[in-house]
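Subject: Handover of a structure

Dear colleague,

Please find below the structure that I am handing over to you. My notes on what was found in it follow.

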Amino acid sequence: MVAGIGAFLDRALAEADATADAAPPATMEAHAAAAQSKRRELARIIGAVDDRVAPAGPEALQRLHRIPTPDTTPYDVFAVRWPVLGPVGGAEGMDGEGLQLEPRTPARATVVLLPDADSSPEQVAGLAEAHLASAGCRVVIPQLVNRSDDWSGNPHLTMTNQPHREFVYRMAFQLGRHIVGYEVQKVLALVDTFAMTTAAEPAPTPIALAGYGEGGLLALHAAALDPRIEVTLISGHFRNRRQVWREPIYRNVWRVQRGFSDAELAAMIAPRRLIVDASPGPTVDGPPPPREGRRTTAAPGTLAPAPIDDVRAEVARARRTYEALGVPERLTLVEPAGDA
């Protein structure tokens, strides 16, 4: 029976792969209409369906405190919080938190930099400082839900070894929500804020996303959903998902392989600029190991870097849409040095 189920699922994944190779819309208008329809379905299956708090301009980004920087540094660093979802019933709403690097001169661009789930904003701020903030970009680095299990459970009942992402996923999935959708909402709340902030400017500041690992997954989905994002960089994530069943359960999204493969999400971003960095993604060998005082309830699942040929093939599938729209130069694959 188990072998039969496995064979059935392999066939279903192969069939889903085949549907992804359908001819792309031939005109920009037809593509825009198809993408808009798919955005509604994508938002539904990742659970990004709740109304976000209405943007209130720059004051929506609450600066909790300023982090000291030298006077010679061309930017300031702040710990920030921003509203995402309002309270429902008796439940509290949801805020995002992270770091903001704000240039001391008018920003050239706004970049939402999404680290992997196990990296804090502080750990990746050095990259932003060296390459983005120093170049005059406003940078916001959200804190993502990580893969540790420190808070996974109820200390008055039982604690588990479920990664935090899985702990949220299990409860959210029952209600048509998802850890992916919640964190995409954090990103889009920032887009709401900065789109409103720059709308009155003579030359509106462009908004870009950049993400690595789990952050790359979120950047890909957020950019597919929101055409206000002009440039997107995906690193350590983009690949064919036929082996998605090997990944952690918090990556499980209902029917995602039927219309929302990585290549098809990239096609929804077209004709906007998309850069795929084929650098190896994070390696996750499984959930936190069993230990005393915790129930072993985490689902198995691993993450491993994608083979370079896998990334190339998926980018080639996405490129068909960019070519059909006459903008093949707006999709770029960057390969690590040394790959043949």
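Two residues are said to be in contact when they have heavy atoms within 4.5 Å of each other. With that cut-off, and leaving aside neighbours within four places in sequence, Thr-321 is in contact with Pro-24, His-31, Ala-267 and Ala-270. Please bear in mind that the model is a predicted one.

Thr-321 belongs to helix α8. Its relative accessible area is 9%, and a residue counts as buried under 20%, so Thr-321 is buried. Its contact partner Pro-24 is 297 residues away in sequence, yet the two C-alpha atoms are 5.5 Å apart in space.

Another contact partner of Thr-321, Ala-267, is one of the buried residues of helix α7. This helix covers residues 262–269, and 8 of its 8 residues are buried, so the rest of the structure largely encloses it. The residues concerned are Asp-262, Ala-263, Glu-264, Leu-265, Ala-266, Ala-267, Met-268 and Ile-269. They pack against four helices and a strand, namely α1 (2–19), α2 (28–45), α6 (214–225), α8 (308–324) and β10 (273–277).

A second buried site is found in helix α4, which runs over residues 164–173 and contains Glu-166. Glu-166 has a relative accessibility of 1% and therefore counts as buried. Apart from neighbours within four places in sequence, its contacts are Ile-249, Tyr-250, Thr-297, Ala-298 and Ala-299.

I turn now to the protein as a whole. There are 8 helices and 12 strands. The radius of gyration is 20 Å, close to the 20 Å that the globule rule gives for 340 residues, so the protein is as compact as a globular protein of that length. The C-alpha trace spans about 65 × 60 × 45 Å along its principal axes.

Of the 340 residues, 49% count as buried. Among contacts between residues at least 6 apart in sequence, 71% join residues at least 24 apart. The accessible surface amounts to about 16100 Å², and carbon and sulfur atoms account for 59% of it. As for charge, the protein carries 35 positive and 41 negative side chains, and the centres of these two sets are 3 Å apart.

With kind regards

Key: Residues numbered from 1 in each chain as written. Predicted model: local features only at pLDDT ≥ 70, side-chain atom pairs only at ≥ 80, totals over all residues. Heavy atoms only, no water. Helix = DSSP H or I, 4+ residues; strand = E, 2+ residues; numbered from the N terminus. Rg over C-alpha atoms; globule rule 2.2 N^0.38 Å. Buried < 20%, exposed > 50% of the residue type's maximum accessible area, 1.4 Å probe, protein only. Areas by Shrake-Rupley, 256 points an atom, 1.4 Å probe, with all protein chains shown as cover. Lys, Arg positive; Asp, Glu negative; His and termini not counted. Charge placed at Lys NZ, Arg CZ, Asp CG, Glu CD.
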